[in-house]
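Trainee: I have a model open and would like to talk it through with you. Could we go step by step?

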Amino acid sequence: GSVCIVNAASERDMAAELIGKRFLCRTAASFVSAVMGIISKPPILPNDLGIDRERNGGLIVVGSYVPKTTKQVEELKLQCGQFLKSIEVSVEKLAMSPIEEREEEISRTAELADVYLKAHKDTLIMTSRNLITGRTTAESLDINFKVSSALVEIVKRITTKPRYIIAKGGITSSDLATKALGARCAKIVGQALAGIPLWQLGPESRHPGIPYIVFPGNVGDSTALAEVVKSWTCPIRFTSTKEILKNAERGGYAVGAFNVYNLEGVEAVVSAAEEKQSPAILQIHPGALKQGGIPLVACCISAAQQASVPVAVHFDHGTSKQDLVEALDLFCDG
């Protein structure tokens, strides 16, 4: 009638034979492989799944609020800031503001993420780190639900298929897989890092076969998230206006810079540049940016990256610091 609690310190402890005994086990993922004698494998990488040539950006969604997650996000931005685009979603707007502001924040985040992913940028969507709680337990649960459902809605509205998805946090991982992506089954491929499962979503999901990394909030050290992202990233080098002009100066030739306002204008400039085998600059005026917004920028970036000649995207005649910061954040050269 006595109770024996065994605290396993290593896989060897879990693999020990306990003949004639039955145990109730509270375990983590490594328990299964230890008991079944499955030999550990190194972390799975993109080329192991045959997706190393896919060039859309990866999507990292962080909903967890535990201190370890916040430290991991800070380290991720520090180590990967040169190729990672970050979008912070305001929890106050999602949970405490009128429905119009909530809808605007959801739409803004989804549209911006689409631009970044199409531009082959790994994209971090993270809830603001200031923890907002209600006056009662019921109010706090309602805030959590509003934030979680907003993250689901954001991922639902992202039309670009990411190269991979990392979901940070237990509830976030479950909700995004089942509610945002419609997954009902998944193949467990292995681990992206020790203790971090890697799935491939089932054929019924929005993105069949996509690598889906389930990253619990309290797993790993402060660099773990950055390590996973760096191992899955596929940085794309952009042609800058500065680079094009320096080459023109060295070569003694001029480069055309053309203001564009729609898809037809963008296609005309790129087609002419390719026909003449000449570099070109797509310029977006503040008025055009205000009118065309994110879709116009996405169109220019996509055309520039697919062009067979160097093409840069340039912000033309900005009139305020706010306009310039917005343009830089959307990939335009200054």
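Here is a short conversation about domains, a helix pair and cavities in this predicted model.

Trainee: What separation is there between the centres of domain 1 and domain 2?

Mentor: Good place to begin! The protein is divided into domain 1 (1-39), domain 2 (46-232) and domain 3 (241-333). Taken over C-alpha atoms, the centres of domain 1 and domain 2 are separated by 33 Å.

Trainee: How are helix α5 and helix α11 oriented, roughly parallel or roughly perpendicular?

Mentor: Helix α5 covers residues 99-118 and helix α11 residues 286-306, and their axes come within 9 Å and cross at roughly 5°. Angles under 35 degrees count as roughly parallel. Therefore α5 and α11 are roughly parallel.

Trainee: How do the residues of that contact divide into nonpolar, polar and charged?

Mentor: On the α5 side we find E111, L112, V115 and K118, and α11 brings I294, A298, I301 and Q305. Sorted by type, the contact of α5 with α11 has 2 charged, 1 polar and 5 nonpolar residues.

Trainee: Which residues line the second largest cavity?

Mentor: There are 3 cavities of 30 Å³ or more, and the second largest holds about 40 Å³ of space. Its lining divides into 6 nonpolar, 2 polar and 1 charged. The lining residues are L59, V155, I158, T160, P162, I165, L181, R206 and H207.

Conventions:
Residues are numbered from 1 along each chain as its sequence is written. This is a predicted model: local features need pLDDT of at least 70, side-chain atom pairs count only at pLDDT 80 or more; totals for chains, interfaces and linings use all residues. Side-chain values use heavy atoms; hydrogens and water are left out. On a 1 Å grid over the protein atoms alone, a cavity is a set of points where a 1.4 Å probe fits but cannot get out, and a pocket is an open set with protein on both sides within 12 Å along at least five of seven lines; lining residues have an atom within 4 Å of a point. Grid points are joined across faces, edges and corners, and a volume is the space filled by probe spheres set on the points. Ala, Val, Leu, Ile, Met, Phe, Trp, Tyr, Cys and Pro count as nonpolar, Asp, Glu, Lys and Arg as charged, and the others, Gly among them, as polar. Domain bounds come from an automatic or database domain assignment. Axes are lines fitted to C-alpha atoms, for helices over the stretch in contact, and angles run from 0 to 180 degrees between N-to-C directions. Helices (H or I, at least four residues) and strands (E, at least two) are DSSP runs, numbered from the N terminus. Angles under 35 degrees count as roughly parallel, over 145 as roughly antiparallel, 65 to 115 as roughly perpendicular and the rest as oblique. Contact means heavy atoms within 4.5 Å.
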